[in-house]
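Biologist: Hi! Could you walk me through this model before I go back to the bench?
Modeller: Happy to. Here it is.
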Amino acid sequence: MNEEIPQALIRPEPQAAEAMAVLKQDELAFALMAELANQAGAVSLARLSKRLQVRQSTLLRCIAYLGEQQLGQHQGAGWVSLQQDGERSLVVLTEEGRTVATQLTT
């Protein structure tokens, strides 16, 4: 039984792979917002990375889209703020972000 496996089962099509990446990013954004909503103040990037089980670089990309900074021609959502406290990077919800997180988690 030497049947050939269709290529689509071995490697996803580029469009499907891109859609999966967007879905994973959306899931991470939701998890990040929910985690920050459960905190009274800022949380270290390292701690968030461990709790969400993602690399800090992946988390930073997510924060960039949810943050206050402009990314090229696109303005970030303004829901989270990345702050420096000496050597530590801290992440906190903005007021607008807390409102959005409350709506997402209820």
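Modeller: What follows goes from the overall layout to the sheet, the core and a few single residues.

Biologist: Great. What kind of model is this?
Modeller: This is a predicted model.

Biologist: How many helices and strands does the chain have?
Modeller: There are five helices and five strands in the chain. Starting at the N terminus, the order of elements is α-α-β-α-α-β-β-β-β-α.

Biologist: And what share of the residues counts as buried?
Modeller: Of the chain's 106 residues, 29% are buried. The accessible surface adds up to about 7800 Å², and carbon and sulfur atoms make up 51% of that.

Biologist: What about contacts between residues 24 or more positions apart?
Modeller: Taking the contacts with a separation of 6 or more, 41% are between residues at least 24 positions apart.

Biologist: OK, on to the sheet. What is the strand order in the open sheet of three strands?
Modeller: The order is 1-5-4, and the pairing is antiparallel. Strand 1 (43-44) and strand 4 are the edge strands, each of them pairing on one side only.

Biologist: How many bridges are there between strand 4 and strand 5?
Modeller: Six bridges, in the antiparallel sense. One pair to look at is Gln84 with its bridge partner Ser89 in strand 5.

Biologist: What sits between those two strands?
Modeller: Strand 4 and strand 5 make a hairpin with two residues between them. Gly86, in the turn, has a positive phi of about 65°.

Biologist: And on the other side, how many bridges join strand 1 to strand 5?
Modeller: Two bridges, and these strands run antiparallel as well. In strand 5, Leu90 is the residue that stands opposite Ser44.

Biologist: Let's switch to the core. Which residues have the most contacts inside the largest nonpolar core?
Modeller: Leu32, Leu36, Leu59 and Val80 do, in a core of 18 residues. Two or more residues come from each of helix 2 (14-37), helix 3, helix 4, strand 5 and helix 5. Helix 2 contributes the most, with five residues.

Biologist: Any general reason for that kind of cluster?
Modeller: In soluble globular proteins, nonpolar side chains tend to be buried together.

Biologist: Which residues does Val80 touch, leaving out neighbours within four places in sequence?
Modeller: Its contacts are Met33, Leu36, Ile63, Leu66, Gly67, Glu68, Val91, Val92, Leu93 and Thr94.

Biologist: And Ser81, is that one buried or exposed?
Modeller: Ser81 is buried, because its relative accessible area is 11% and the cut-off for buried is under 20%. You'll find Ser81 in strand 4 (residues 80-85).

Biologist: What is the side chain of Ser81 doing?
Modeller: The side chain of Ser81 makes a polar contact of 3.3 Å with the side chain of Glu68. Leaving out residues up to four places away in sequence, Ser81 touches Glu68, Leu90, Val91, Val92 and Thr94.

Biologist: Back to the helices. Which residues of helix 3 (residues 45-52) are buried?
Modeller: Leu45, Leu48, Ser49 and Leu52 are. They lie on the same side of helix 3, because they cover an arc of only 100° around the axis.

Biologist: Why does that spacing work in a helix?
Modeller: An α-helix has 3.6 residues a turn, so residues three or four places apart point the same way.

Biologist: And which residues are buried in helix 5 (residues 95-105)?
Modeller: Gly97, Val100 and Ala101 are buried there. Seen down the axis of helix 5, the buried residues fall within an arc of 100°, so they line one face. Glu95 and Gln103 are exposed residues on the face turned away from that buried side.

Biologist: Something caught my eye after helix 3. What is the phi of Gln53?
Modeller: Gln53 has a positive phi of about 55°, although it is not a glycine. Gln53 follows helix 3, in the loop between helix 3 and helix 4.

Biologist: Is Gln53 buried or exposed?
Modeller: Gln53 counts as exposed, because its relative accessibility is 71% and the cut-off for exposed is over 50%.

Biologist: Last one: where is Arg61?
Modeller: Arg61 is in helix 4 (residues 56-66). With a relative accessible area of 46%, Arg61 is partly exposed. The C-alpha atoms of Arg61 and Gln25 are 9.1 Å apart, while the two residues are 36 residues apart along the chain.

Biologist: Lovely, thanks!

Methods. Residues numbered from 1 in each chain as written. Predicted model: local features only at pLDDT ≥ 70, side-chain atom pairs only at ≥ 80, totals over all residues. Heavy atoms only, no water. Buried < 20%, exposed > 50% of the residue type's maximum accessible area, 1.4 Å probe, protein only. Helix = DSSP H or I, 4+ residues; strand = E, 2+ residues; numbered from the N terminus. Arc of directions from axis to C-beta. Polar contact = N/O pair within 3.5 Å; in protein donor to acceptor, adjacent residues only side chain to side chain. Contact = heavy atoms within 4.5 Å. Pairing = 2+ DSSP bridges. Areas by Shrake-Rupley, 256 points an atom, 1.4 Å probe, with all protein chains shown as cover. Core = buried A, V, L, I, M, F, W, Y, C linked by side-chain atoms within 4.5 Å.
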